[in-house]
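This briefing covers surface, fold, core and the first helix, in that order. Please read it alongside the sequence and coordinates shown here.

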Amino acid sequence: MTKLLSGLYTASGNHLAAAALHESALAELLNSQTDRQEGAIEAVTQHLELLQHAHARLAKEGQTGTIDAAAAQERVQQIATKFGLSSEQLEAVTGADENVGVWERPRRFSLDVEDLETHHNNLRQTSGSALLNGNAGAKRISISAF
């Protein structure tokens, strides 16, 4: 959810809020009891990369004063120590892709619907809802995005 919210902030141009989200996520991961677990390492590297992109966007806008470089470097070293990350995994973003970390509207939304039990409400049976009637298997409902 943090990455989704950060992507929404980034898409709307609020790069400072996006950076704050990644910084808080990294602080939570540093304070957690998990270390060197694959999921935690993946989350840390993703948040580091997205934080670096947010910092690059802030620098591009001339807001480098909002970034505490010494604290950021100390946090990176703490992360490297705790999670055993190599210097290649911690390298700064160069030639940053402008679309990394930016939320984009999906072309289609879909939901998987399963009828686990037969519904015995007569009102529902007579309502004409063809989407939920039929066989008991899973169905996919796709909706085009506007």
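The protein exposes about 10000 Å² (Shrake-Rupley method, 1.4 Å probe), and carbon and sulfur atoms supply 52% of that area. This is a predicted model, in which local features need pLDDT of at least 70 and side-chain atom pairs count only at pLDDT 80 or more, while totals for chains, interfaces and linings use all residues. Residues are numbered from 1 along each chain as its sequence is written, and side-chain values use heavy atoms, with hydrogens and water left out.

**Fold**
- The protein has five helices and two strands (DSSP runs: H or I of at least four residues, and E of at least two, numbered from the N terminus).
- Their order along the sequence is α-α-α-α-β-α-β.
- Of the 146 residues, 27% are buried (under 20% relative accessible area, 1.4 Å probe, protein chains only).

**Core**
- The largest nonpolar core (buried Ala, Val, Leu, Ile, Met, Phe, Trp, Tyr and Cys residues joined through side-chain atoms within 4.5 Å) has 15 residues.
- α2 (15-31), α3 (38-60) and α4 (69-83) each supply at least two residues of this core.
- α3 gives the most, with seven residues.
- Ala19, Leu26, Val44, Leu48, Ile79, Phe83 and Leu85 have the most contacts inside the core.

**Helix α1**
- Leu4 lies in α1 (residues 2-11).
- Leu4 counts as partly exposed (from 20% to 50%) because its relative accessibility is 41%.
- Ser6, Gly7 and Thr10 of α1 are buried.
- These three residues are on the same side of α1, because they cover an arc (of directions from the helix axis to the C-beta atoms) of only 105°.
- Gly13 follows α1 and has a positive phi, near 90°.
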